[in-house]
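Colleague: I would like to learn how to read a model of this kind, one feature at a time. Could you take me through it, giving the general idea before each case?

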Amino acid sequence: MNQDLYNQLCEIVGSDNVHVDEEMKKHTTFRIGGPADFYVLPHSKDEIGRVVQVCKNTGEPFYVLGNGSNLLVGDKGYRGVIIQIFKNYSDIIIEGTQITAKSGALLSKVAKKALDAGLTGFEFASGIPGTIGGAVVMNAGAYGGEMKDVILSATVMTQEGSIQKLSNQELQLGYRTSLVARQNDIVLEVSLELKKGDPDQIRSLMEELKNKRVTKQPLEYPSAGSTFKRPEGYFAGKLIMDVGLRGFSVGDAQVSEKHCGFVINKGNASARDIVALMDEVTGRVKEQFGVTLEPEVKRLGEF
Ligand SMILES: Cc1cc2nc3c(=O)[nH]c(=O)nc-3n(C[C@H](O)[C@H](O)[C@H](O)COP(=O)(O)OP(=O)(O)OC[C@H]3O[C@@H](n4cnc5c(N)ncnc54)[C@H](O)[C@@H]3O)c2cc1C
């Protein structure tokens, strides 16, 4: 272990918030992923900046993690520092029709606050199991809504360490992508503009969308949501079903029988199983339909 780096990280975030050889399967919704050399949980933007600076000074790679709900970490883990921006950095403030959340706030918590304040427009995100920081990076969306519709601005830390407030337009939010994703910026804070609404209607829409998820998605198994992006003019799940891969397995990795757009972990799937299965799916869809499936799930570390 790099003792000097460990000491420096402990000095910044406190020793309780620095873990060594942390199994990433504990921090991804796929429940897959080997050990990260270091895993830290900062409490403030100052701590985030200092951790990044230490990594840069020592030449140590680092990676920002939200709730790990769109991530496949390799079986051999990650050589470097995982900076998880999550519960320690997740305050949510409401002022009028605006909600400002630290990037570690879960979308479900933000949606609940919006409901409590009688604000509408964020119901679409209530069942997406990510942080608001991860949702900006991915321009997460569901059921006809996306982050782009509600973001007023986001405060980010650039690779150079400067802090900038970017407007909705400056964030260049596209289908499951953003400027932040391309530049590897760190999202610190997000402001949303919602509208006054009727709490009963907001609640019932959230319930309706939740029921749709429970009925249609294999939520009873670990996964990372939709495995592939939606190819222009098609649905990934339908293409996969039509090539006959419903229920297809590699080890414990399986194309969900309930929703072919999801790859699930039936128990002890390895990252290699998931990759092998994704390769087979991509190859078969390309061969039969000439459509290239692009992964939506991000990959990290050593496989
Ligand atoms: C059951 C299930 C259902 C899902 N349904 C949907 C859906 O309906 N719609 C949808 O869009 N997605 C869906 N997802 C995928 C996922 O929840 C979203 O992509 C979510 O926005 C990811 O957020 P996260 O905090 O988990 O990010 P992570 O998975 O931790 O990270 C994703 C990417 O964002 C980066 N990142 C995370 N936080 C930050 C930050 N603060 N600053 C900079 N970079 C950061 C990471 O480096 C990584 O590149 C689903 C996933 C599951 C498991």
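Modeller: Let us begin with the vocabulary of elements: helices (H or I, at least four residues) and strands (E, at least two) are DSSP runs, numbered from the N terminus. With that in hand, Val 156 can be placed in strand 11. As to the source, this is a predicted model, in which local features need pLDDT of at least 70 and side-chain atom pairs count only at pLDDT 80 or more, while totals for chains, interfaces and linings use all residues. Residues are numbered from 1 along each chain as its sequence is written, and side-chain values use heavy atoms, with hydrogens and water left out.

Colleague: Is Val 156 buried or exposed?

Modeller: The general idea is a set of cut-offs on relative accessible area: buried is under 20%, exposed is over 50%, and partly exposed is in between (1.4 Å probe, protein chains only). Val 156 has 0% relative accessibility and therefore counts as buried.

Colleague: And which residues is Val 156 in contact with?

Modeller: Contact means heavy atoms within 4.5 Å. Leaving aside neighbours within four places in sequence, the contacts of Val 156 include Ile 163, Leu 166, Val 180, Ile 186 and Leu 188. Ala 114, by comparison, is 42 residues from Val 156 in sequence and 23 Å from Val 156 in space, C-alpha to C-alpha.

Colleague: How should I read the sheet to which strand 11 belongs, and what is its strand order?

Modeller: Two strands pair if DSSP finds at least two bridges between them. Here an open sheet of 5 strands has the order 6-7-13-11-12, and the pairing is antiparallel. Strand 6 (92-95) and strand 12 (163-167) are at the edges with a single partner strand each, so one side of each has no neighbour in the sheet. Strand 11 and strand 12 are joined by 5 bridges, and Ser 153 stands opposite Ser 167 in strand 12.

Colleague: Which strands does each helix lie across?

Modeller: For directions, axes are lines fitted to C-alpha atoms, for helices over the stretch in contact, and angles run from 0 to 180 degrees between N-to-C directions. Helix 2 (residues 45-58) lies across strands 11, 12 and 13, at about 150° to strand 13, whereas helix 3 lies across strands 6, 7 and 13, at about 30° to strand 6.

Colleague: What is meant by a nonpolar core, and how many residues has the largest one?

Modeller: A nonpolar core is a set of buried Ala, Val, Leu, Ile, Met, Phe, Trp, Tyr and Cys residues joined through side-chain atoms within 4.5 Å. The largest has 35 residues, and those with the most contacts inside it are Val 110, Phe 122, Ile 132, Met 147 and Leu 192. Among the elements giving two or more residues are strand 7 (98-102), helix 3 (107-116), strand 11 (151-157) and strand 13 (186-193), and helix 3 gives the most, with 5 residues. A second, separate core of 25 residues includes Ala 271, Val 275, Val 281 and Val 297.

Colleague: Which residues of helix 8 are buried?

Modeller: An α-helix has 3.6 residues a turn, so residues three or four places apart point the same way. In helix 8 the buried residues include Ala 271, Ile 274, Val 275, Met 278, Val 281 and Val 285. What covers the buried residues of helix 8 includes helix 7 (236-242), strand 17 (253-255) and strand 18 (262-265). Just after helix 8, Gly 290 takes a positive phi of about 70°.

Colleague: Finally, which residues does the "active site" annotation cover, and how far should I trust it?

Modeller: UniProt positions are given in the numbering used here, feature names are shortened, and annotations may be inferred rather than shown by experiment. The UniProt annotation, from an unreviewed entry, covers Arg 176, Ser 226 and Glu 296. They span 121 residues in sequence, yet no two of their C-alpha atoms are more than 11.3 Å apart, so they gather at one spot. Ser 226, in strand 15 (residues 223-226), counts as partly exposed at 30% relative accessibility, whereas Glu 296 counts as buried at 13%. Glu 296 is in the loop between helix 8 (271-289) and strand 19 (298-300), and its contacts include Arg 176 and Ser 226.
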